[in-house]
Structure formats: structure tokens, C-alpha cells
Amino acid sequence: MERHGVDMPHIEGKDQEPQLFRESKEQQQGEENREEEAGRGPASANRQLMMLEGKSGPFSSLDSSIDILKKRAQELIENINESRQKDHALMTNFRDSLKIKVSDLTEKLEERMYQIYNHHNKIIQEKLQEFTQKMAKISHLETELKQVCHTVENVYKDLCVQPEATISEEEQTHKDGEC
């Protein structure tokens, strides 16, 4: 961020007064010279004293008003710049404070997230353990079921073979009786 200030345009002193004022001063000085020559001594002496002190008759109030306005404008510009510097410092402090708060909230959120992960991991671990136990039980039951099926198969084979053997003997006897 850049700090922007108000720059006061450089205004030269009384040497660069507007042309109208210079001509008026020259006319006034010319009139004073004529008055001195005409014999009005005390009035011209008073004006000469004012000119030596930096005051130029009727325009002295105008010059002082311009100087006052220049000073006031410079003060306002300085106040604006100071206010902008304060605003910039305030925003910098606000940004830093906000960064700290966001960082703290992020850490808390991250910590909470890890707590939730740990809780879910425990639940998952318990479920996996239960699943493993049930799978082992299923595997055991499957083995038992295969043994039962094999036993039933053997019994069935035995049952099927004995009746055939009995039937074969009967058939044999029956065939022998016919002969």
C-alpha cells in the first residue's frame, strides 16, 4: 500500500505577484514621488516608513491576507497528510491484528479437526476390530460347515451304496430263482 499525500504547489514570494498588483504599486510609488515633489512631506514620509517596514499602503492588508491564506492552506495540507498517516497506521495495525486473529482461529480449527480425526480413527479402529473378529468367526463357521457337508456327503454315499448293495443281492436272488 502506498501512502498518498497532498502536495502544496510552490508559491513564490512577493517577487512574483500578479502584474496588476505590480502596476498598482508602481502607480502608488509614482504618486508618492509626485506628492513629495509637490511638498506634502508628512504624508509621504509616513508612506515611505510603511514601505521600509514591508507594508505597501492599501495593499498591505491584501498581502497579509494572501500570506494568511497560504499559511492556512499549508496547515490544512499538513493536517490532511497527518490524518492520512494516522489512517495508514490504523489500517496497518488492523491488518496485523486481523492476521493474528485469523492465525489463532486457523490453529484452533486445525486442532479441532485433528481431535475429530482421532475420534473417527478410534471408531474406525473399533469397527475394524469387530469386522476382523466377525470375519474370523465366519471363517471358522465356514470350516465347520464344510466339515458338516463332507460328513453329510459321506453319510449319503454310505446310504446310497448300502441300498444298492441290498438291491443287488435281491436282484441276484431273484435272478437266481428264475433260473
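**Side-chain contacts and surface patches along helix α3**

Arg72 has a relative accessible area of 43%, which makes this residue partly exposed. I begin with Arg72 since its contact introduces the topic of today's presentation. Please keep in mind throughout that we are looking at a predicted model.

What does the side chain of Arg72 meet? Its partner is Glu75, and the two form a salt bridge with an N to O distance of 3.6 Å. Glu75 has a relative accessible area of 39% and is therefore partly exposed. Arg72 and Glu75 are 3 residues apart in helix α3, so about one helical turn separates them. As a general remark, side chains of opposite charge can pair when their charged atoms come close.

How many salt bridges does a search of the whole structure find? The count is 2. Besides the contact just described, Lys157 forms a salt bridge with Glu153, and here the closest N and O atoms are 3.6 Å apart. Both Lys157 and Glu153 belong to helix α3, with a spacing of 4 residues, or about one turn of the helix. The relative accessible area of Lys157 is 45%, so Lys157 is partly exposed. Glu153, at 41% relative accessibility, is partly exposed because this value lies between the 20% and 50% limits.

I turn now to aromatic contacts. Searching the whole structure gives 1 aromatic pair. Why is this pair, Tyr114 and Tyr117, classed as edge-to-face? The ring centres of Tyr114 and Tyr117 are 6.1 Å apart and the ring planes stand at 65 degrees, so the pair is edge-to-face, given that the class applies to planes over 60 degrees apart. Both tyrosines lie in helix α3, 3 residues from one another, about one turn of the helix. Tyr114 is partly exposed because its relative accessibility is 44%, and Tyr117 is partly exposed because its value is 43%.

Finally, the surface patches. Which residues form the negative surface patch? They are Asp104, Glu107, Glu110 and Glu111. Among them, Glu110 is placed in helix α3, which covers residues 60-178. Glu110 has 37% relative accessibility and so counts as partly exposed.

A nonpolar patch is also present on the surface, formed by Met91, Phe94, Leu98 and Val102. Together these four residues have about 380 Å² of accessible area. One of them, Phe94, is found in helix α3.

To close, I return to the contacts: the salt bridges are Glu75 with Arg72 and Lys157 with Glu153, and the aromatic pair is Tyr114 with Tyr117.

Notes:
Residues numbered from 1 in each chain as written. Predicted model: local features only at pLDDT ≥ 70, side-chain atom pairs only at ≥ 80, totals over all residues. Heavy atoms only, no water. Patch = residues over 30% accessible without salt bridge, like charges linked within 9 Å, V, L, I, M, F, W, Y side chains within 5 Å. Areas by Shrake-Rupley, 256 points an atom, 1.4 Å probe, with all protein chains shown as cover. Lys, Arg positive; Asp, Glu negative; His and termini not counted. Charge placed at Lys NZ, Arg CZ, Asp CG, Glu CD. Helix = DSSP H or I, 4+ residues; strand = E, 2+ residues; numbered from the N terminus. Buried < 20%, exposed > 50% of the residue type's maximum accessible area, 1.4 Å probe, protein only. Phe/Tyr/Trp six-rings, centres within 6.5 Å; stacked < 30°, edge-to-face > 60°.
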